[in-house]
Amino acid sequence: MKIIILGAGQVGATLAENLASEANDITIVDTNAERLRELQDRVDIRSITGRASFPNVLKQAGADDADMLVAVTNSDEENMIACQVAYTLFRTPTKIARIRQNAYLSHPELFQNDVIPVDVIISPERIVTNYIQRLIEHPGALQVVDFADGALQLVAVKAYYGGPLVGQELRYIREHMPSVDTRVAAIFRRGTPILPEGTTVIEADDEVFFIAARKHIRDVMSEMRRLDENYKRIIIAGGGNIGERLASNIETHYNVKLIEKNIERCHQLSQRLDKTLVFNGHASDKDLLLHENIEETDIFCSLTNDDEANIMSAMLAKRMGARKVMALINNPAYVDLVQGGEIDIAISPQTATIGSLLTHVRRGDVVNVHSLRRGAAEAIEAIAHGDEKSSKVVGKKIAEVPLPEGTSIGAIVRSGEVIIAHDHIVIESDDHVIMFLVDKRRIKEVERLFQVGLTFF
């Protein structure tokens, strides 16, 4: 595909790296020439220095024959105008825009071809908030992603000494949980992926990705590790868009406190939030944390826009007795450094957001893409179309599907019913097929599997 990316910030740069590695024709536009040079040193892409919404800049970037425009600059307004210019002057088929402000997001009627022609809206704050909320709802999970409108979930957990399945072969899962159907999609052992078989033995400290119906997730987690008790007391550090949205989403179910250093912002938050207690201060203030009973806090979420402040306050909270701590970290280099030490979960906004963008870039009828393990692996939900003549998957048993190496089918959702993948199950047209890839270089082969042959038409 020929794709123009507007904005070479964290999201734009991460997207360019992901897409360029899959043999797409990528051009990236930004006003910062130095940032573009750094990116070009790492990735095989074209770059244009200029304002993303200017017609001459878009023309220079190749908007005349681009398949897609992805506007992810830091300005909502510039992203929207760029989409308008691309539609009016160049008739660009697909236009994706990052919109952050709720003032725009609360009016979806704005984003139509006869008003502001944006085909897909990406809201990183909304995506990251939902991501954190799922982690809070599943104590002990490292990552939780939804498929088929939440009917099915893929969960990553760290296997602990003492878990019933640790030290046992995977085929014994059925004996342990006769009433629950689940499948282990992949295991990462010391950072190396293992595609599981019945004889694979789970070891302590393995990162285990399993797939199951939403209602069975806690049962399966209890097999890998001692189940964490549900969280009750939560402290959020940072009252920006993500902090406010998270507090608003969870305050009816949890005891929530929010710490914000800007006094004016504190007044706004206290008026907009119903049950959350808002405090003015710094999240790394020991006295404030002690006063608010940090040692009784179930989870401390550090969500300011400063990576270093998030890391330091999360580490301090952990040392002072918080049961679990999460930190929002924009710099990818920091994420692997800190996760699993004193910080239980490092949240990368780019990793969470990139899946939403990739969903619209994948060929075949792909409805969901989730980037896993900071982009090392990917989970995909694709819809099977056609018949036995026109499709490479319809009418075949799962064992007969010619999957690329490093790819496994975890489950199928058929008319709302979750069917965990077993070799004898036959794929039907309109099935939602959930796959796990540990080698992203094979993505093109997976896409081709779900493209319908000409006989279907």
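Two strands count as paired here if DSSP finds at least two bridges between them. Keep that in mind as we walk through this model, which is a predicted one.

Let's start with strand E19, residues 377-383. On one side, six bridges join strand E18 (residues 366-372) to E19, and the two run antiparallel. Strand E22 (residues 432-437) is also joined to E19 by six bridges, again antiparallel. Glu378 is a handy place to see both pairings: Ser371 stands opposite Glu378, and in E22 the bridge partner of Glu378 is Leu437.

How much of E19 is buried? Seven of its seven residues are, so the strand is largely enclosed by the rest of the structure. In a regular strand the side chains alternate between the two faces of the sheet. For E19, both faces turn out to be covered: Ala377, Ala379, Glu381 and Ile383 are buried on one side, and Glu378, Ile380 and Ala382 are buried on the other.

Staying with E19 and E22, we come to a bit of enclosed space. The model has two cavities of 30 Å³ or more, and the second largest holds about 30 Å³. Ala379 is part of its lining, along with Phe147, Leu154, Ala185, Ile211, Gly410, Ile434, Met435 and Phe436. Which strand gives the largest share of that lining? E22 does, with three residues. By class, the lining has eight nonpolar residues, one polar and no charged.

Leu154 and Phe436 show up again when we turn to the largest nonpolar core. That core has 114 residues, and the ones touching the most other members are Ile132, Ile136, Leu154, Phe210, Met326, Ile427 and Phe436. Take Met326 as an example: beyond its neighbours within four places in sequence, Met326 is in contact with Ile132, Leu135, Ile136, Ile299, Phe300, Cys301, Ser302, Ala314, Ile345 and Ile347. There is also a second, separate core of 24 residues, which includes Ile4, Leu6, Ala63 and Ile99.

Ile4 leads us on to Ala66. This alanine is found in the loop between helix H3 (55-61) and strand E4 (68-71). Is Ala66 buried or exposed? At 6% relative accessibility, Ala66 counts as buried, because the cut-off for that is under 20%. Leaving aside neighbours within four places in sequence, Ala66 is in contact with Ile4, Lys2, Thr92 and Pro93. For a sense of scale, Ala66 and Asn130 are 64 residues apart in sequence and 32 Å apart in space, C-alpha to C-alpha.

Next up is helix H1 (residues 10-20), which is mostly covered, with nine of its eleven residues buried. Those are Val11, Gly12, Ala13, Thr14, Leu15, Ala16, Asn18, Leu19 and Ala20. What do they pack against? Their partners are strand E1 (2-6), strand E2 (25-30), helix H2 (33-42), E4, strand E5 (94-98) and helix H14 (349-359).

Finally, an open space: the second largest pocket, with about 560 Å³. It has 21 lining residues, and the closest to its centre are Arg183, Val184, Pro196, Gly198 and Ala421. Helix H7 (173-176), strand E9 (182-189) and strand E20 (407-414) each supply at least two residues of the lining, with the largest share, four residues, coming from E9. The lining of this pocket is made up of ten nonpolar, five polar and six charged residues.

Methods:
Residues numbered from 1 in each chain as written. Predicted model: local features only at pLDDT ≥ 70, side-chain atom pairs only at ≥ 80, totals over all residues. Heavy atoms only, no water. Buried < 20%, exposed > 50% of the residue type's maximum accessible area, 1.4 Å probe, protein only. Contact = heavy atoms within 4.5 Å. Core = buried A, V, L, I, M, F, W, Y, C linked by side-chain atoms within 4.5 Å. 1 Å grid on protein atoms, 1.4 Å probe; cavity = no way out; pocket = protein on both sides within 12 Å on 5 of 7 lines; lining within 4 Å. Points joined across faces, edges and corners; volume = space filled by probe spheres on them. Nonpolar A, V, L, I, M, F, W, Y, C, P; charged D, E, K, R; others polar.
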